[in-house]
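User: I'm new to reading protein structures, and I'd like a close look at how the strands pair up in this one. Please take me through it slowly, then show me what packs around them.

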Amino acid sequence: MSPKELPVKKFSLSLLMALSMTGMTHAATLPAPASPDPNLWLEDIDGAKQLDWVRQHNADTVKKYADTPGFRQLDARILEVLDSNARIPFVNKIGDHYYNFWRDKEHPRGLWRRTSPASYASEQPTWETVLDLDALSAAEKENWVWHGVDCLKPANRRCLLMLSRGGADADVVREFDLASKQFVKDGFVLPEAKTQATWKDQDTLYVATDFGPGSMTASSYPRIVKEWKRGTPLSAAATVYEGRHEDMSVSAERDHTPGFERDFVHRQLAFYDSETFLRGKDGKLVRIDVPSDASTDVQREWLLITPRSDWTLGGRTYKSGSLLAAKFDDYMAGKYQDGKQPLTVLFEPTDTTALDAHSWTRHHLILNVMDNVVNRLEVLTPQAGAWKRESLGGAPELSTIAASGIDADDSDDYFLTVTGFLQPTTLYAGTLDKGEPRAIKHSPAFFDASKYRVSQHFAVSKDGTRVPYFEIAAKDLQANGKNPTLQYGYGGFEISLQPAYSGGVGRAWLEKGGVYVIANIRGGGEYGPRWHKAALKANRLRAYEDFAAVSQDLFKRGITSPAHLGAMGGSNGGLLMGNMLTLYPQLYGAVVSQVALLDMQRYTHLSAGASWMAEYGDPDKPEEWAWIKTFSPYTNARAGQKYPPVLFTTSTRDDRVGPVHARKMYAKLAGLGYDTAFYENIEGGHGAAADNKQSAFMSALGYTYLWEHLK
C-alpha cells in the first residue's frame with residue numbers, strides 16, 4: 001500500500017506492505033459475510049464470468065471518457081513526461097558501478113544497466129545494458145515486471161533478481177551473474193510466491209517463502225525462514241525460525257559489512273510490532289531487547305533505535321519518534337539497562353518536527369528532519385558523549401531536500417536531491433567534510449512554472465487540530481469560489497506527503513486552469529508517530545474529518561466550492577476517497593478512488609488485507625467492527641443519498657489490496673442508480689500499471705474524469 005520505493009535488504013514495514021500473497025483469493029475459500037452480499041461473486045478474481053464483467057465495464061468507461069481527441073492528447077502528454085530521456089536516471093552502487101533501471105518508449109518493460117561513477121557524473125553517461133527485460137519477456141513469453149535485485153557483497157558478482165508476472169507483488173527469484181550478464185545455469189531459482197530471499201554466503205540463502213500448506217501466516221506472508229544450500233532441493237532447506245500463524249511474517253538476513261558480519265532474524269508480530277534476533281554461529285537466537293513497537297538499525301558498531309511510544313529505560317524516558325544510539329555489543333551485553341550508560345539522543349521531536357529518514361555514510365549519519373512538512377538536513381558524527389552535529393542545508397521554501405549515503409561500507413560520498421511542486425528535481429553529489437555538493441543532474445521542466453505559486457495553509461479540524469495543506473495555483477487566481485480544484489490525500493501508515501515535482505500534475509491539472517491541493521492529514525507521518533497514531537483504528541474518522549476540514553477551508557478562503565472540488569487518492573487514500581464519498585458527499589463535485597480498500601467488513605479475508613489489522617482493526621471481532629463499520633464505504637453506501645460522480649480504478653494483478661473492493665463498490669453504487677464508472681487494468685499490480693504507457697493511460701483517465709465533472 002505504500003507509494004514509497006521498497007528496500008530489498010530488510011523486511012522493513014515498507015517491504016511488508018509491498019509483499020503479497022502467492023495467488024489470488026477466491027470466493028469459495030472465504031467465510032460468508034454476516035448478511036447476504038449480492039456482489040460476493042465478484043471476489044473470484046480470475047473467473048471467466050468475472051473477467052467478462054470487467055471487460056464490459058472497462059469498455060463502457062473507455063467509450064465515455066477515453067475515446068476522444070482530448071483524452072488522447074492528454075494521454076500522450078503524460079506519456080511524454082514518463083518516457084522522457086531527459087529524466088534523471090537515479091542509481092544505486094553495486095561494486096564499482098552505478099546501476100539504474102530505466103523505462104522509455106523503446107524499452108517499455110525496461111533496461112537494467114550500469115555505468116561508472118565518473119561517467120554518471122557527465123552530461124551524457126555511457127550505459128552498458130546488463131539485462132533487457134523486453135527481450136527477456138519476448139524470449140520467455142512472459143510479461144515480466146522488474147521487482148529489484150540483491151547482490152552478494154563484497155564480490156558483488158552473484159545477484160538474486162526478482163521478477164513479477166504482470167506487476168503482481170508475488171515474484172520469481174532467479175540467480176544472475178553480473179560478470180557474464182547471464183542467469184546462472186542450475187543456480188538458485190524460487191517459483192512465484194511472496195518471497196524474501198537474501199544471501200548468507202555464495203552457496204547459502206536465507207529464504208522465507210511459501211513452503212507449502214501451513215507455511216504462511218494468517219496475513220498470507222511467510223511464517224518460516226530457512227537456510228537453503230546450493231545444489232540441494234528447497235525441500236531439504238534447514239529451518240532457521242518458525243513464527244506463529246497469528247504473526248505477520250518472518251525473515252532473516254546477513255549483514256555483510258566487512259568486520260561486522262552478523263546474522264539477524266526478524267519476526268513481524270503485527271504491522272507496527274516486531275522482534276529482531278541476533279543469530280549466533282550455533283544458530284542460537286538472542287533478542288534485541290527493545291519495545292516491540294520500536295524499530296532498530298544496526299550499522300557497524302552502532303545500534304540505532306526509534307521508539308514509536310514513549311520508552312523508559314534505566315530510569316530515563318525517551319520520547320516517541322526519537323532516534324537513539326548505543327554501542328551494539330554493549331547493548332546486547334545489558335550495559336544500558338541499568339541507567340549507568342544512557343542512550344545517546346540523536347533526535348528528539350517537537351510539536352512541529354519529525355524525523356523523516358536517516359542514512360549512514362562510512363563515518364557519518366545524515367538526518368532528514370521535517371519541520372511543518374518542510375525538510376532540513378543534519379550530519380552527525382559519532383564521538384564520546386553528544387555526537388558532533390552540523391547542518392547540511394535546508395530546502396528552498398516549501399520544497400523537499402533529501403540526502404543518503406552512496407556506500408556506507410566504503411566512503412562518505414552521498415547523493416542529495418532538491419525538488420518542489422514547481423521546481424524540477426536536481427541531483428547533487430558530494431563527499432561529507434569535503435566542501436559543497438555539486439549539481440550533476442537536472443530534471444527537465446514539463447510545464448511553465450512561472451505562472452504559479454505554492455503556499456502552505458492550516459485548516460482547523462473538528463477536534464481543533466491544525467492540519468497543514470499545500471496549495472499550488474495560478475499567481476492571478478481569483479478567490480471567486482469557481483476554480484476547479486483537485487484535493488489529494490493519503491492519511492495512513494505514517495506515510496508523509498511532501499513537496500515534489502510532477503510534470504503530469506502540471507500538464508494535466510495546472511495548465512488546464514486547475515488548483516492542486518495536498519492535504520497532510522492525520523494517519524500520515526508528517527509529525528511523526530503521534531500524527532499517525534491519532535487516526536489509528538477507533539480514531540480513524542479523524543483522518544476523514546481532517547480532509548473535510550481542508551475542503552471547508554478552501555471554501556472559506558474562496559478558492560473553490562463543492563461543485564468545483566474534486567478529490568483523489570489511492571490505496572489507503574482510496575479508502576479515504578470512499579469515506580469522503582459516503583460521509584461527506586456534499587463537499588465534492590467528483591471523486592476518483594484508485595486501487596482502494598473499500599469493504600472493511602471483508603478486507604482481512606481479501607488478498608493481503610489481514611496484515612493491516614494494526615492500522616484498521618479486526619472486523620471479525622464484534623467490539624472492533626462496531627467502530628470499523630463507521631469507515632467502511634461499502635457497508636455505508638445506501639440509496640437516497642446525493643453522492644457525487646465517482647470513478648474506481650484498480651488492477652486484476654493487484655495481489656496486495658486486490659481488485660475486489662473496487663469491483664464490489666462500483667457494482668453496489670451502480671445498482672443503486674448512482675453516477676459511477678469503473679476501470680480495471682488487467683496488468684499492473686498495486687500500482688495499477690506495468691509500464692509507462694499503462695501509467696499514462698490510468699493517470700489521464702482519472703484527470704479526464706474529474707475535468708468532465710468539475711468544469
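Analyst: Let's start with a term we'll need right away: two strands count as paired if DSSP finds at least two bridges between them. Also keep in mind that you're looking at a predicted model.

Our first stop is strand E14, which covers residues 249–255. E14 is mostly covered, with 6 of its 7 residues buried. Its antiparallel partner is strand E15 (residues 262–270), and 7 bridges join the two. If you want one pair to look for, find valine 250, which stands opposite arginine 267 in E15. Now follow the chain around the hairpin: there are 6 residues between E14 and E15, and glycine 259 takes a positive phi near 85°.

Compare that with another hairpin, the one made by E1 and E2. Here there are 2 residues between the strands, and glycine 95 in the turn has a positive phi of about 65°. Strand E1 (residues 92–94) runs antiparallel to strand E2 (residues 97–102), and 3 bridges join them. In that pairing, lysine 93 has tyrosine 98 in E2 as its bridge partner. E2 also pairs with strand E3 (residues 111–115), again in the antiparallel sense, over 5 bridges. There, tyrosine 99 is matched with arginine 114 in E3.

What holds paired strands together in general? Strands of a sheet pair through backbone hydrogen bonds, either parallel or antiparallel.

Next, a whole sheet. Four strands sit in the order E24-E25-E26-E27, forming an open sheet with antiparallel pairing. Strands E24 (353–360) and E27 (388–394) are at the edges with a single partner strand each, so one side of each has no neighbour in the sheet. From one strand to the next, the twist averages 25°. Inside this sheet, E25 (residues 365–371) and E26 (residues 374–381) are joined by 7 bridges, and asparagine 368 has leucine 377 in E26 as its bridge partner.

Ready for a sheet with mixed pairing? Look for 8 strands in an open sheet, in the order E32-E33-E35-E34-E36-E37-E38-E39. Don't be thrown by E35 turning up ahead of E34 in that order. The edges here are E32 (452–460) and E39 (676–681), each with a single partner strand, so one side of each is left without a neighbour in the sheet. The twist averages 15° from one strand to the next. To see one of its pairings, take strand E33 (residues 466–474) and strand E35 (residues 515–519), which run antiparallel with 4 bridges. Phenylalanine 470 pairs with isoleucine 518 in E35.

So what packs around this mixed sheet? Helix H10 (residues 572–583) lies across strands E36 (565–570), E37 (590–594) and E38, at about 145° to E36. Helix H2 (residues 48–66) lies across strand E38 (646–651) and E39, running at about 115° to E39.

H2 also meets another helix. Two packed helices are described by the angle between their axes and the distance between the axes. For H2 and helix H14 (residues 660–671), the axes come within 12 Å and cross at roughly 65°, and the crossing is left-handed. On the H2 side you'll find Gln50, Leu51, Trp53, Val54 and His57, which meet Arg663, Tyr666 and Ala667 in H14. Sorted by type, the residues of this contact are 5 nonpolar, 2 polar and 1 charged.

Phenylalanine 648 is a nice residue to click on: among the residues it touches are Leu598, Met665, Tyr666, Leu669 and Phe678. Phe648 is also one of the residues with the most contacts inside the largest nonpolar core, which has 117 residues. Helix H15 (residues 692–710) gives that core its largest share, 10 residues. A second core is separate and has 17 residues, including Leu131, Leu133, Leu163 and Val172.

Finally, a loop residue for contrast. Is alanine 445 buried or exposed? Exposed means over 50% relative accessible area, and alanine 445 counts as exposed because its value is 56%. Alanine 445 is in the loop between strand E31 (438–442) and E32. Apart from neighbours within four places in sequence, alanine 445 is in contact with Pro424 and Tyr501.

Notes. Residues numbered from 1 in each chain as written. Predicted model: local features only at pLDDT ≥ 70, side-chain atom pairs only at ≥ 80, totals over all residues. Heavy atoms only, no water. Buried < 20%, exposed > 50% of the residue type's maximum accessible area, 1.4 Å probe, protein only. Core = buried A, V, L, I, M, F, W, Y, C linked by side-chain atoms within 4.5 Å. Contact = heavy atoms within 4.5 Å. Axes fitted to C-alpha atoms, helices over the stretch in contact; angles between N-to-C directions. Left-handed = near helix turned anticlockwise from the far one by under 90°. Nonpolar A, V, L, I, M, F, W, Y, C, P; charged D, E, K, R; others polar.
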